[in-house]
Amino acid sequence: MSTPNPNQPPTSGLRYPSNKKTIYDRNLNRSKNAELSRAAFAYLFVEMISYAQRNVRDISSLEKRLNTQGYPLGLRLLDLLLSRSSNPLASIRPTRIHTLIQWVAQTLWRHLFGRPADALERGTTDPSQYMLYDNDPMVNQYISLPKEMRGLNCAAFVAGIIEGVCDGAGFPTEGVTAHSVGEEEGKAGMWPGKTVFLIKFKGEVLEREEILGRGGG
Amino acid sequence: NRPPANENRVVFALFIISKSGGLIYNREFSSGLAKLSSNDLLMLAGSFHGMHAITAQLCPAPPVPPPTSSSSTAGNVAPSPFISRPTGIEVLESSHFRIQCFQTQTGIKFLLFTEPTQPNIDTMMRKIYELYTDFVMKNPFYTVEMPIRCVKFDTNLDQFIKVRS
């Protein structure tokens, strides 16, 4: 981008380059395959966690703050990724829970982490709960939890992103939470950082789902 | 509670000393060095820190003048003060062991204790520094200059040393 013309009177703060193209004229897919430094994100995430830790007494409030930090990202990513998809059939807004969850596990995960999520399940005891598994969340890659913070999972940030996506797509949730299930008895602990994202949809979503199912939607 | 000595392993231990001279990390990979109490380890680290500082002042090599820039005004860069500054002790070798000291630009010293015949110590140092920047510096729960208690750093260090030896 070229430097602003010093002879122009100062405007609202937007810098206009000499070829008069603004950010709205840029191709939306320009940064589609752009790579981001993992270290840059890691340092930013360190600061985000420290920021969230201020004046907070317990772990669940810290996770709630991380969730709030990720929420607006989910809202924006939903629109961005749907508009970028090359297949015109794939760019319609998901209307069924199954389509939405698959979209999150495949498209959203691939965009954020370069690989799809590892498993998807529906709750057996509670049909309004869906579980999304990630064996090794990228956001937790460099984080070693101290003993006093053992119940914390910083992937609460990613849970916030998922919650933003669900709410933005018209599937309101009671909440999306991240839980560590790496240390399970019986298994050798092959994935010590394994995390499950619990998505609990509100009652009205399930009612609508049932109606759509009956009506052949 | 360290694993028993394996004759293939030639890396004995790693110490990390903070900018102020305190020992913030010590890890023994195989036996071969005398056992020291934790107090002795702290004193060892402090003594090395002081010695390193003294030897940096005592360096007999004359300071190398920075190369004069032959290009015209366009390429003038201010001479860096780091080029001509002598460093402290880098290697200390005896018949039984060898200590290599790597000091970062921020003043952290990595001390690696190995057998005198161990090759490729420089690459090992670089890799250990890389592991430090990854699993210690990018850890939100680590306060700089404090003792290092990061599980992932320990795990990855163990994996690296085992593979290397």
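**Exercise 1. Contacts along chain A**

Among contacts in chain A between residues at least 6 apart in sequence, what percentage join residues at least 24 apart?

*Solution.* Keep in mind that this is a predicted model. Begin with the contacts in chain A whose residues lie at least 6 apart in sequence. Of these, keep the ones that join residues at least 24 apart: they make up 62%.

**Exercise 2. Elements of chain A**

Work out how many helices and strands chain A has, and in which order they run.

*Solution.* Start with the counts: chain A contains five helices and four strands. Next, walk along the chain from the N terminus, where the order reads α-α-α-β-β-α-β-β-α.

**Exercise 3. Inside and surface**

Find what share of chain A is buried, and describe its accessible surface.

*Solution.* Take burial as under 20% relative accessible area. With that cut-off, 35% of the 217 residues in chain A are buried. Now turn to the surface: chain A has an accessible area of about 13,500 Å², and carbon and sulfur atoms account for 53% of that.

**Exercise 4. Where chain A meets chain B**

Characterise the interface between chain A and chain B by residues, area and polar pairs.

*Solution.* First, list the participants: chain A supplies 16 residues and chain B twelve residues. Second, look at the area: about 1,200 Å² is buried between the two chains, with 64% from carbon and sulfur atoms. By class, the side of chain A touching chain B holds twelve nonpolar and four polar residues, with no charged ones. Third, check for salt bridges, of which the rule finds zero across this interface. Finally, count polar contacts: five residue pairs qualify, both residues at pLDDT 80 or more. Nicely done!

Terms used:
Residues numbered from 1 in each chain as written. Chains lettered and ligands numbered in written order. Predicted model: local features only at pLDDT ≥ 70, side-chain atom pairs only at ≥ 80, totals over all residues. Heavy atoms only, no water. Helix = DSSP H or I, 4+ residues; strand = E, 2+ residues; numbered from the N terminus. Buried < 20%, exposed > 50% of the residue type's maximum accessible area, 1.4 Å probe, protein only. Contact = heavy atoms within 4.5 Å. Areas by Shrake-Rupley, 256 points an atom, 1.4 Å probe, with all protein chains shown as cover. Buried area = accessible area lost by both parts, 1.4 Å probe. Salt bridge = Lys/Arg side-chain N within 4 Å of Asp/Glu carboxyl O. Polar contact = N/O pair within 3.5 Å; in protein donor to acceptor, adjacent residues only side chain to side chain. Nonpolar A, V, L, I, M, F, W, Y, C, P; charged D, E, K, R; others polar.
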